Amino acid sequence: MKIPYVPNPPETNTPEDAAIVARIQARRAPRPLIPLDLALLHAPPVADGWNSFLGAIRTKTSLPDDLRELAICRVAVCNKAWFEWAHHAPLAVDGGVSVAALDIVKAEPLPEARPEALLNEKQWAVLKYADEMTRNVQVNDEVFKLVRAHFNDRETVEITATVSAYNCVSRFLVALDVGEKNGTGPGDIAAH
């Protein structure tokens with residue numbers, strides 16, 4: 001980490017900051033605060049907004065777990081955000097993504113054609129879209145048509161917001177080396 005983490009439990013000087021810490025702790029419960037929280041809490045109002053926004057992305061969209069976590073994992077791979085990968089690859093497996101499919105997510109570059117035995121059409125569309133958004137920002141028409149063939153307006157917005165949000169997360173993690181994961185690679189999912 002390029003700056004020190006705040007103490008855990010975080011020290012607060014105002015009732016407002018204490019309320020922010022309580023909201024973040026409530027979202028993480030029953031787990032403890034993670035290094036990302038302890039970095040963000042240097043700026044409590046930023047940590048509060050982050051907590052609210054990422055809480056909505058993680059828990060209030062209509063996306064099934066497999067699609068959300070595939071998008072997040074591909075962003076992590078593209079940006080070499082291995083702290084993000086370490087947290088979300090197991091969630092992808094819990095959401096029904098096979099370990100073999102995660103090997104495709106880690107591929108550089110993605111295969112030209114969908115590995116049909118490993119990823120269904122919706123999963124492939126999300127993976128291609130996350131890759132295109134992260135690498136090029138402007139999504140080519142072919143990839144966007146692939147997404148629109150499988151997702152309605154709400155789902156398209158939710159996928160786009162998820163990829164966008166986790167690009168923000170990954171850039172924060174990598175810039176500050178949160179979790180001390182820079183340069184470590186994705187590792188073996190079975191080891192998590």
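**Figure 1. Phe-144 and its aromatic partner in the predicted model.** In this predicted model, Phe-144 counts as partly exposed because its relative accessibility is 33%. A search of the whole structure finds two aromatic pairs. In one of them, the ring of Phe-144 is set against that of Tyr-129, with 6.2 Å from centre to centre and 50 degrees between the planes, a tilted arrangement. The two rings come from distant parts of the chain: Tyr-129 belongs to helix 7 (residues 121-136) and Phe-144 to helix 8 (residues 141-148), with their positions 15 residues apart. The label "tilted" applies because planes under 30 degrees apart would count as stacked and those over 60 as edge-to-face.

**Figure 2. The Tyr-129 side of the pair.** Tyr-129 has a relative accessibility of 4% and therefore counts as buried, the cut-off being under 20%. Its partner Phe-144, at 33%, counts as partly exposed. The pair thus joins a buried residue of helix 7 to a partly exposed residue of helix 8.

**Figure 3. Surroundings of Asp-17.** Asp-17 is found in helix 1, which covers residues 15-28. The residue is buried, yet it has no salt bridge. Arg-23 is the nearest side chain of opposite charge, and it is 8.1 Å away. This distance does not qualify because a salt bridge requires a side-chain nitrogen of Lys or Arg within 4 Å of a carboxyl oxygen of Asp or Glu. Leaving aside neighbours within four places in sequence, Asp-17 is in contact with Thr-12 and Pro-44.

**Figure 4. Residues 44-100, the annotated segment.** UniProt lists residues 44-100 as "domain: Carboxymuconolactone decarboxylase-like", in an unreviewed entry. In the model, this stretch is 81% helix and 0% strand. The C-alpha atoms at its two ends are 40 Å apart. Pro-44, a contact of Asp-17, is at the start of the listed range.

**Figure 5. The chain as the setting for the close-ups.** The chain contains nine helices and zero strands. Its radius of gyration is 17 Å, close to the 16 Å that the globule rule gives for 192 residues, so the chain is as compact as a globular protein of that length. Taken along the principal axes, the C-alpha atoms fill a box of roughly 55 × 35 × 30 Å. Of the 192 residues, 44% are buried. Among contacts with a separation of 6 or more, 64% are between residues 24 or more positions apart.

Key:
Residues numbered from 1 in each chain as written. Predicted model: local features only at pLDDT ≥ 70, side-chain atom pairs only at ≥ 80, totals over all residues. Heavy atoms only, no water. UniProt positions renumbered as here; feature names shortened; annotations may be inferred. Helix = DSSP H or I, 4+ residues; strand = E, 2+ residues; numbered from the N terminus. Buried < 20%, exposed > 50% of the residue type's maximum accessible area, 1.4 Å probe, protein only. Lys, Arg positive; Asp, Glu negative; His and termini not counted. Contact = heavy atoms within 4.5 Å. Phe/Tyr/Trp six-rings, centres within 6.5 Å; stacked < 30°, edge-to-face > 60°. Rg over C-alpha atoms; globule rule 2.2 N^0.38 Å.
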